[in-house]
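Here are a few short exercises to work through with the model open beside you. Try each one yourself before reading the solution.

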Amino acid sequence: QQQLVESGGGLVQPGGSLRLSCATSGFSFSRYAMSWYRQAPGKERELVASVSNDGGAIRYADSVKGRFIISRDNAKSTVYLQMSMLKPEDSAVYYCNGRWFSLNYWGQGTQVTVSS
């Protein structure tokens, strides 16, 4: 069974940093493009960052460029999101996603709250 387990969320002050991790199992991680999405209350889920299966192609939402870094470790079947210079508008539930052709898996999410 496919599992994606996010961790690393929490409460942080504006300007602070957090590192999210998504540990996966049950599928061939190295084949999958991996992404982080987020969803704030009352808003649609949005793509934050994505990385290709080999790490060669990365893209970010304009709102996080220069502040967030996505990375992956295929040996550990884990994808990361390093978030810095956090803003209150970054507050949301962050979801890990794995995609390969028509196969699409989601984690349960981890809450990130940016507040003083």
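**Exercise 1.** Is L20 buried or exposed in this predicted model?

*Solution.* Start with the cut-off: a residue counts as buried under 20% relative accessible area. The relative accessible area of L20 is 0%, so L20 is buried. Next, place the residue: L20 belongs to strand 3. Then look at what surrounds it. Leaving aside residues up to four places away in sequence, L20 touches, among others, W36, V79, L81, M83, Y94 and V112. Take V79 from that list: it is 59 residues from L20 along the chain, yet the two C-alpha atoms are separated by 8.4 Å.

**Exercise 2.** Which residue of strand 8 stands opposite L20, and how many bridges join strand 3 to strand 8?

*Solution.* Go across from L20 to strand 8, and you arrive at L81. Now do the same from A23, whose bridge partner in strand 8 is T78. Finally, count along the pair: strand 3 and strand 8 (residues 78–83) run antiparallel and are joined by 6 bridges.

**Exercise 3.** What is the strand order of the open sheet of 4 strands, and which strands stand at its edges?

*Solution.* Begin with the other pairing of strand 3: strand 1 and strand 3 pair in the antiparallel sense, over 5 bridges. Within this pair, S7 stands opposite S21. Adding the remaining strands gives the order 1-3-8-7, with antiparallel pairing. Strand 1 (3–7) and strand 7 (68–73) each have a single partner strand, so they stand at the edges, with one side of each left without a neighbour in the sheet. As a last step, follow the twist, which averages 15° from one strand to the next.

**Exercise 4.** Which two cysteines form a disulfide, and why is the disulfide left-handed?

*Solution.* First apply the cut-off: the two cysteine sulfur atoms must lie within 2.5 Å. C22 and C96 meet it, with their sulfur atoms 2.1 Å apart, and the count comes to 1 disulfide. Then see what the pair links: distant parts of the chain, with C22 in strand 3 (residues 18–25) and C96 in strand 9 (residues 92–100), 74 residues apart. For the handedness, turn to the torsion about the S-S bond of C22 and C96: it is about -80°, so the disulfide is left-handed. To finish, check the surroundings: C22 and C96 are both buried.

Key
Residues numbered from 1 in each chain as written. Predicted model: local features only at pLDDT ≥ 70, side-chain atom pairs only at ≥ 80, totals over all residues. Heavy atoms only, no water. Helix = DSSP H or I, 4+ residues; strand = E, 2+ residues; numbered from the N terminus. Buried < 20%, exposed > 50% of the residue type's maximum accessible area, 1.4 Å probe, protein only. Contact = heavy atoms within 4.5 Å. Pairing = 2+ DSSP bridges. Axes fitted to C-alpha atoms, helices over the stretch in contact; angles between N-to-C directions.
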